[in-house]
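Let's take a relaxed walk through this structure, one piece at a time. Have the model open and follow along.

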Amino acid sequence: MASKYVMAVYDMTLNGNDLTTKQRSCISSVSIAHGSKGADTMTENVTDPDFVYINDDIFISDVPITADVYFLNNNTKDSFSGFISAIDIVFPEDGNPTLVLNCIDETYRMTRGKKKRSWTNTTSAAVVQAIAAEYGYQCVTEAGYAFETQETIAQDNTTDADFVDKLAQDEIEDFMFKLVGNTLYYVKHAVIGEPSTHLYYRSNDYSVKSFSPQINKETKRVESKADVITPATKEKDSASVASGGEAGSTSTSGGQVTPDSQRNMKYNNKTGKWSEV
């Protein structure tokens, strides 16, 4: 019978250096979380009675951290590379301080500072490519997707990460942005796909000790358009909106869209079809 316990070993670097024996002995747990979109995260719990971490220079800005975890049960590996974004410290009565190192992947660089700027006569894909280039990232956008040219795309006092995420939310299709290594992906979110690996809970190699999924019922976004024609000049202003979206990252040349012109769609998992609700 396979073991109910997951056996693992790990390598970790902090601020570019391998952990010392004392630093390793302080770690009580390490948790790595990978999402299909957004940043990957790592949480490291530390008990530090000798102030090994507290007296270190981890409190300076932009401290890099990496981890490679090797699971011996199924000969697999999980990795994380990023920065410490926040540190929670508790100094209890028993004199054994505890720290929680909250880390996020390279997306951290895109969260440093808010910006206010705009682009004209361009597409959201072109804007994302320009932002990616500022960080030295490669950029992959959805091939074959008709990105609409917009008069103005404005970033209004937000971080680059939040801004690109907002652009993805404003697309008609279900888009995502995800930084993988040195490549920023701005593509449709693949809700259903072939699994890259198989993990087992309470069976086989017990590769999953616990998990807590969240099931989202998706609402398909349907684009609505409206034209406003000025009788005197015969000029036409157009506006479009996706149901469920909200204003903020883009501007149009004018026009209004009423709630009656929007439709909410619901997906039926059993029939595999969309229906209006």
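Which residue forms a salt bridge with K116? Before you click around, keep in mind that this is a predicted model. The partner is D156, and the closest N and O atoms of the two are 4.0 Å apart. D156 sits in strand β10 (residues 150–158) and K116 in strand β8, so this pair ties together parts that are 40 residues apart in sequence. As for how open they are, D156 is partly exposed, with a relative accessible area of 47%, while K116 counts as exposed at 67%.

Why would such side chains team up at all? Side chains of opposite charge can pair when their charged atoms come close.

There's plenty more of this to find, as the structure holds ten salt bridges. Take a look at D160 and R117, whose closest N and O atoms are 3.0 Å apart. D160 belongs to helix α3 and R117 to strand β8, so here the link joins parts 43 residues apart in sequence. D160 is buried, with a relative accessible area of just 1%, because anything under 20% gets that label. R117, at 24%, counts as partly exposed. These two aren't on their own, either: K115, R117, E134 and D160 are linked in a network of salt bridges.

Now hop over to R112 and D62, whose side chains meet in a salt bridge at 3.6 Å, N to O. This one connects two loops: R112 lies in the loop between β7 and β8 (115–122), and D62 in the loop between β4 (41–47) and β5 (64–71), so the pair ties together parts that are 50 residues apart in sequence. Both ends are partly exposed, R112 with a relative accessible area of 45% and D62 with 39%.

Next, back to helix α3 (residues 160–170), which packs with helix α2 (residues 124–134). Two packed helices are described by the angle between their axes and the distance between the axes. For α2 and α3, the angle is about 160° and the axes are 11 Å apart. Angles over 145 degrees count as roughly antiparallel, and α2 and α3 are therefore roughly antiparallel to each other. α2 passes α3 in a left-handed crossing.

Finally, let's leave the charges behind. F51, F59, I89 and F91 make a nonpolar surface patch of about 370 Å². One of them, F91, is found in the loop between β6 (76–90) and β7 (98–105). F91 is exposed, with a relative accessible area of 56%.

Technical notes
Residues numbered from 1 in each chain as written. Predicted model: local features only at pLDDT ≥ 70, side-chain atom pairs only at ≥ 80, totals over all residues. Heavy atoms only, no water. Patch = residues over 30% accessible without salt bridge, like charges linked within 9 Å, V, L, I, M, F, W, Y side chains within 5 Å. Areas by Shrake-Rupley, 256 points an atom, 1.4 Å probe, with all protein chains shown as cover. Helix = DSSP H or I, 4+ residues; strand = E, 2+ residues; numbered from the N terminus. Buried < 20%, exposed > 50% of the residue type's maximum accessible area, 1.4 Å probe, protein only. Axes fitted to C-alpha atoms, helices over the stretch in contact; angles between N-to-C directions. Parallel < 35°, antiparallel > 145°, perpendicular 65-115°, else oblique. Left-handed = near helix turned anticlockwise from the far one by under 90°.
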